[in-house]
Amino acid sequence: MTELPLVVPRPADPMPIEPAAKPEPRPYRSWVEVSRGQIAANFQAIRDVVGPEVEIMPVVKADAYRHGAIEVSRTLEEQGARWLAVSNTEEGVTLRDAGIRSRILVMADFLPFAREALLEHGLTPVIHSLEGLATLNQLALARGQRCRCHLKIDSGMGRLGVRADAEAIGEAIRAAKNLEVEGLMSHFASAGNYQSSQTEDQIRTFDSVVSALNTAGIHPNLIHLSSTIPVAYGRRQCWRGMVRPGHAIYGYVSPARGNAPGRILKVKPALAWRASVLSVKEVPAGALIGYGGMFRAPRPMRIAVLAAGYADGIPHRLSNRGSVIVDGKLCPIVGAVSMDLTTIDVSQSPETQVGDPVTLLGSEGQVSIDAQQIAKLAGTISYSVLCGIHARVKRIYV
Ligand SMILES: *Cc1c(COP(=O)(O)O)cnc(C)c1O
């Protein structure tokens, strides 16, 4: 999932830019506008690519990459999603409390203190170890019920997942009489890197475990390996019966490296992030702006102070290097990004006044800034830019 370029990145697909509407002022310091329609369109674009036979389990962890898990999950349910994936039990309980009825896979939990709630709320755990299978089996027994779970195989990522041999896995599954292991899954470490054989190696390792289990009479009916990238670049041999896209649901596909096939999935960002102008001032040539006097005005300048800073998720690394969109024009961030404030040069936009909305991420007119561009400037990845948008930033659904 890294986007840090090891080699010259492939040129991005040319994106037709439709002029975007001017944002409306809102009574918030900073807010995101999330398009339910675009989330739905992205889901359907994935549906078109994988076809009707492959189940799509959208990943809505981390509050749907900060798009708001409840609203996003409702939208996806309306679009026909029968499964959703979250990271932890608390995220799953939040969705259940909001009335989400789909199956919910909890991909990265099964901590002792979370297990009761996991079962209580009808969530489906991913089990990562043979001991985990035995523990879940005991819990199921104690509750007098059969529990369904998915078993994760560590096929070479070296993070979560069982690394035991197929025989030991088969024995553990057979011994867990109160469990239905309905899914087998794995996760790729280098899905977007076509210079590396790691993905092929992982597929081979995974398939050898699955076929040994099949031979032993164990046939989970859901096999899933693919996040966004194997879907978007058409690695069909690992779609199997189910795919787990996250990034693409929100409109992003990271660039691939090496000799990658063309992208077959077209999605668009569903989120725009804005902030209000809190103050505007003229400063003389030579004035220093913000902490550390990091910027010195080379000429008289008009500076706008935005009501958002790194506590809202604007990367501090954008100090003196990022841009925002004001009135359809790119305006540079000048000086250090502070905790709750960011200073920008609006000399080119003399009409800017207090209360005006500016776009931190999104489109205005012909200009757009997306999470991948911000990530590049900030030396991080687009996932981290999206997940960095703080909970205090208001969410509006459009
Ligand atoms: C986050 C995650 C995904 C989704 O990945 P994207 O790159 O956002 O599509 C899929 N599977 C697992 C196990 C994950 O942790």
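Buried here means under 20% relative accessible area and exposed means over 50%, with partly exposed in between. The structure is a predicted model, and the residue numbers below count from 1 along the chain.

By that yardstick, D63 is partly exposed, since its relative accessible area is 26%. This residue sits in helix α2, which covers residues 61-65. What makes D63 stand out is its backbone: phi is positive, at about 50°, even though the residue is not a glycine. Most residues other than glycine have a negative phi. R240 shows a positive phi of about 50° as well, and R240 is not a glycine either. Here the setting is a loop, the one between α9 (228-232) and β9 (242-243). With a relative accessible area of 29%, R240 also falls in the partly exposed class.

Turning to the ligand, 13 residues surround it, and the ones that come nearest are K61, Y65, T228, H247 and Y383. Sorted by class, this shell is made up of five nonpolar, five polar and three charged residues. Several polar atoms sit close to ligand oxygens. For Y65, an N or O atom of the side chain is 2.5 Å from an oxygen atom of the ligand. T228 also uses its side chain, with a polar atom there lying 2.6 Å from a ligand oxygen. H247, on the other hand, takes part through its backbone, where a polar atom is 2.7 Å from an oxygen atom of the ligand. As for how much of the ligand is covered, the molecule taken alone exposes 380 Å², and the protein buries 93% of that.

Salt bridges come next, and the count for the model is 18. One of them joins the side chains of E116 and R143, with an N to O distance of 3.0 Å. E116 belongs to helix α5 (residues 115-120) and R143 to helix α6 (residues 130-143), so this pair ties together parts that are 27 residues apart in sequence. Neither end is fully hidden: E116 is partly exposed at 43% relative accessible area, and R143 is partly exposed at 27%. R143 also meets the side chain of E120 in a salt bridge, this time at 3.4 Å, N to O. Again the link runs between helix α5, which holds E120, and helix α6, which holds R143, and it spans 23 residues. E120 counts as exposed, because its relative accessibility is 54% and the cut-off for that class is over 50%. Elsewhere, R26, E33 and R274 are linked in a network of salt bridges.

A further salt bridge leads into the strands. The side chains of E282 and R302 meet at 2.8 Å, N to O. E282 lies in strand β10 (residues 271-283) and R302 in strand β13 (residues 301-306), so the pair links parts of the chain that are 20 residues apart. The two partners differ in their surroundings: E282 is exposed at 56% relative accessibility, whereas R302 is buried at 17%.

How many residues of β13 are buried? Six of the six are, so this strand is largely enclosed by the rest of the structure. Both of its faces are covered, with M301, I303 and V305 buried on one side and R302, A304 and L306 buried on the other. β13 also has strand partners. Six bridges join it to β10, and the two run antiparallel. Within this pairing, V280 stands opposite A304 of β13. Strand β16 (residues 342-345) is joined to β13 by four bridges, also in an antiparallel arrangement. There, I303 stands opposite D345 of β16. The link between β10 and β13 is thus made both by these six backbone bridges and by the side-chain salt bridge of E282 and R302.

Conventions
Predicted model: local features only at pLDDT ≥ 70, side-chain atom pairs only at ≥ 80, totals over all residues. Heavy atoms only, no water. Salt bridge = Lys/Arg side-chain N within 4 Å of Asp/Glu carboxyl O. Buried < 20%, exposed > 50% of the residue type's maximum accessible area, 1.4 Å probe, protein only. Near = heavy atom within 4 Å. Polar contact = N/O pair within 3.5 Å; in protein donor to acceptor, adjacent residues only side chain to side chain. Areas by Shrake-Rupley, 256 points an atom, 1.4 Å probe, with all protein chains shown as cover. Nonpolar A, V, L, I, M, F, W, Y, C, P; charged D, E, K, R; others polar. Pairing = 2+ DSSP bridges.
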